[in-house]
Structures are given as C-alpha cells and as structure tokens.
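Grab a pencil and work through these exercises with the structure open beside you. Try each task before you read its solution.

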Amino acid sequence: MAGSIVPPAQVLLSRRVQEMVLHGEEPPQPYMGRDDSTYDVSVPPPYMPPIIDLSLLSPDSSTAEDELQKLRSALSSWGCIQVIGHGIPKASLDKIRQVTSEFFQQSIEEKQRHAKLVEEFEGYGADPVPAEGQSLDWSDRLFLTVYPEDQRNLKFWPENPKSFREVLEGYTTEMKMLTELLSKSMAKSLNLVENCFLNQFGEKETLHARFNYYSRCQRPDLILGLKAHADGSGYTVILQDDVEGLQVLKDKNWITIPAVSDALLVLMGDQMEIMTNGIFKSPVHRVLTKLDKERISVAVFYTPEPKKEIGPEEGLINEERPRIFKKVKDYADVHWEYYQKGQRALHVASV
C-alpha cells in the first residue's frame, strides 16, 4: 500500500510466519532476499552428492576401503553426503518426523508456551534479529539443547504432542551413536587414528536440535526459507521429509539435495574444515520456499564442548599441505556474529 511503513524486523519476528500464512498476508519486504543473479541454477539432476552406505564400513567388510575412499572424496569435494545403512530404524525416523509435524500443526497459543524472546536463541520462534540489511527467513523453528542432559532447558521442550520428549530422547541417543560412527569413519578415511576427531570434540560435546517448519510462500522467487550460509558446527545431521528444498552451493551452482528415503544428510561445518586442515569442505547451503507445499526438517548440530580448543590434526600437516588454520576456542560463537551479518567466519581461524 502506498505510503505504508514497512515494519521493522524486530516487530515482524514477534509474529510467526505460519500465522501470516494462515491470515493470507503477503510476505513483508524484510523477507525478500533471494538473489540468484551470480549463480547457474539449471544444473541437471544427476549432479548430486554421493550416497554413502555406513553398513559397508565395518572392518570385516570387503568393501570398507572403497567406501572410505568414496567418503573422503565426497567430503573433500562436496562437503556433504547422504548416508544410508546408518542403523537408525525407519520407525525412529518416522516418529521424529511425526512429532515435529504435530508440534507445528498445533495452535499458535500452544506453541507460544515454549516461545523464546526475540534476542534469545533457544526455544520456539525465529532466529534472533539479523544485522541491518539482512533478510529474514521464511520459517519457524524450535531450537533445543539435547546433549549433555544437564544442559537441557526443559521449559522449551514441548509437552504436546505427548510423545515429543520421549521420542526426542530416543533420537538423541541414536544421534550420539551416529556421530561417533561418523567421526571414526572420517578419521579412518584420512588415515588417522580413529578417535582423533572424537578427542577434539571432547567428552562433553554438544548436540543441538533444530526443528524447522517452512510454510508455503507466495513469492518463492524472492524469498528463502533459510538464507545462504555455512554451519559453525563440527558437522550437522539433517533429516528431511519428502519435499525437496535444501540446496548446496558447488562450483557456483545451487544443487538441490534429493529426498532419499530414510537417508540422513551430513553437512560438514566450519570446525571440521579446521580440524581437517581444509581437506573436508564446509559447504554454503540454503533452503528454498515453495508456493504450494510446506516442508519440515530436523537438523542436529554436533559441536565441540565449550572452551575446548580445536585445530588441524597434526597428521594432516606436511610440506605438501602446510598448516592453514590455527587453533581456536568457541568458534561457534564467532561464527554466529558473522552469520548475523551475512558473512562467513572461517577467515578468523586462518593462519
């Protein structure tokens, strides 16, 4: 409307995207930030990250060495993989998807019982207000610390649906086992001692779960569900539903990650790029919106314990590949400061 005042981001974030969609409101200007002008978005579908079968990595498997080489190649070039054979039952994946969907389908009033303040991070709502000039994400989310257990803030853990807490506790246990398997496999793929990355993450590594709900959007050509960024975690494990939308940037192309039944997408974060002295890449990624479909996902961020110093593994430093990163502490905090400004933080760890 001519002469209308665009509401500031802080006011918009006090409302939910779901609420705006239910009321049939047009997306406000602060959400409009998609720009594909510098990228080729017409990449053929066969161009996609490799699928790694973790069940083939057991020591007595005749295919273990080949699968490890495939793992190393994928994380060096793509920075992400889709994993199958991960040992997590289909029923567990279905349950966590189900309680996620049920939580977001509840009334605004019920979800607001677990709401965060605008500047807080944990809880239900949207991310804290970004720096001026940065667009807002067309999504609502529930962000929870799930491990260590003594770090859980249960006031943010939904009581409805009734099975939510029990299902999340079970999923957290399964994620703990998966991250141990993944960390050991990554080390072995680089010919390192298998516990080296686990030692860097520490005995009190943290797991944060982010439940995402991407509403339908009238302007998918202008609005992103989640803006382009790289993760500040060690790495991130993402369970998608059957609606595609997550894209990874590779060779200046936005590649849509296909929905593979019961596969888990594993994305390297900046801290794993640091630990591998730049061998594994932390990919920039984003989430698209769709005109006629909602989408949910569950992302689990695996991060070193607070105050734990991390750095490149010594076995990955030599004359051919000199040290390119220094040791750092609490990198995730620095990463967040840059993320809010729409920037990467990896340079702060460079030698």
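A disulfide is a pair of cysteine sulfur atoms within 2.5 Å. Keep in mind that what you're looking at is a predicted model.

**Exercise 1: Cysteines**

Find how many disulfides there are, and decide whether Cys-196 is buried or exposed.

*Solution.* Start with the sulfur atoms: by the 2.5 Å rule, the count comes to zero disulfides. Next, take the burial cut-off, which is under 20% relative accessible area. Cys-196 has 9% relative accessibility, so it counts as buried. Cys-217, at 1%, counts as buried too.

**Exercise 2: The eight-stranded sheet**

Work out the order of the strands in the open sheet of eight, and say which strands stand at the edges.

*Solution.* Step one: trace the order, which is S1-S2-S10-S7-S12-S5-S4-S3, with mixed pairing. Step two: look for strands with a single partner. Those are S1 (51-53) and S3, so each has one side left without a neighbour in the sheet. Step three: check the twist, which averages 25° from one strand to the next.

Now zoom in on the S1 end. S1 runs parallel to S2 (residues 80-84), and three bridges join them. Ile-51 sits opposite Gln-82 in S2.

**Exercise 3: Around strand S4**

Describe how S4 is paired with S3 and S5, and explain why S4 is called largely enclosed.

*Solution.* Begin with S3 (residues 123-125): this strand pairs with S4 in the antiparallel sense over three bridges. Gly-123 is found opposite Phe-143 in S4. Then turn to S5 (residues 206-214), which is antiparallel to S4 and joined to it by seven bridges. Phe-143 has a bridge partner here as well, Arg-210 in S5. What holds such pairs together? Strands of a sheet pair through backbone hydrogen bonds. Last step: of the eight residues of S4 (residues 140-147), seven are buried, so the rest of the structure largely encloses this strand.

**Exercise 4: Two helices**

Find the angle at which H3 and H6 pack, and list which residues meet.

*Solution.* H3 (residues 64-77) and H6 (residues 164-189) pack at about 90°, and their axes are 9 Å apart. Angles of 65 to 115 degrees count as roughly perpendicular, which makes H3 roughly perpendicular to H6. For the contact itself, H3 brings Leu-68, Gln-69, Leu-71, Arg-72 and Leu-75, while H6 brings Ser-185, Met-186, Lys-188 and Ser-189. Sort the residues of this contact and you get four nonpolar, three polar and two charged.

Where do these helices lie on the strands? H3 lies across S1, S2 and S10 (264-268), at about 145° to S1. H6 lies across S2, S4, S5, S7 (235-240), S10 and S12, at about 130° to S7.

**Exercise 5: The four-stranded sheet**

Give the order of the four strands and name the edge strands.

*Solution.* The order is S6-S11-S8-S9, an open sheet with antiparallel pairing. The edge strands are S6 (224-229) and S9 (253-256), each pairing on one side only. Neighbouring strands here are turned by 30° against each other on average, direction ignored. Three bridges join S6 to S11 (residues 285-288), and His-229 stands opposite His-285 in S11.

**Exercise 6: One residue up close**

Place Thr-303 in its strand and decide whether this residue is buried or exposed.

*Solution.* Thr-303 lies in S12 (residues 295-303). With 10% relative accessibility, Thr-303 counts as buried. Setting aside neighbours within four places in sequence, its contacts include Phe-201, Glu-205, Gln-271 and Ala-332.

How values were computed:
Residues numbered from 1 in each chain as written. Predicted model: local features only at pLDDT ≥ 70, side-chain atom pairs only at ≥ 80, totals over all residues. Heavy atoms only, no water. Buried < 20%, exposed > 50% of the residue type's maximum accessible area, 1.4 Å probe, protein only. Pairing = 2+ DSSP bridges. Axes fitted to C-alpha atoms, helices over the stretch in contact; angles between N-to-C directions. Parallel < 35°, antiparallel > 145°, perpendicular 65-115°, else oblique. Contact = heavy atoms within 4.5 Å. Nonpolar A, V, L, I, M, F, W, Y, C, P; charged D, E, K, R; others polar.
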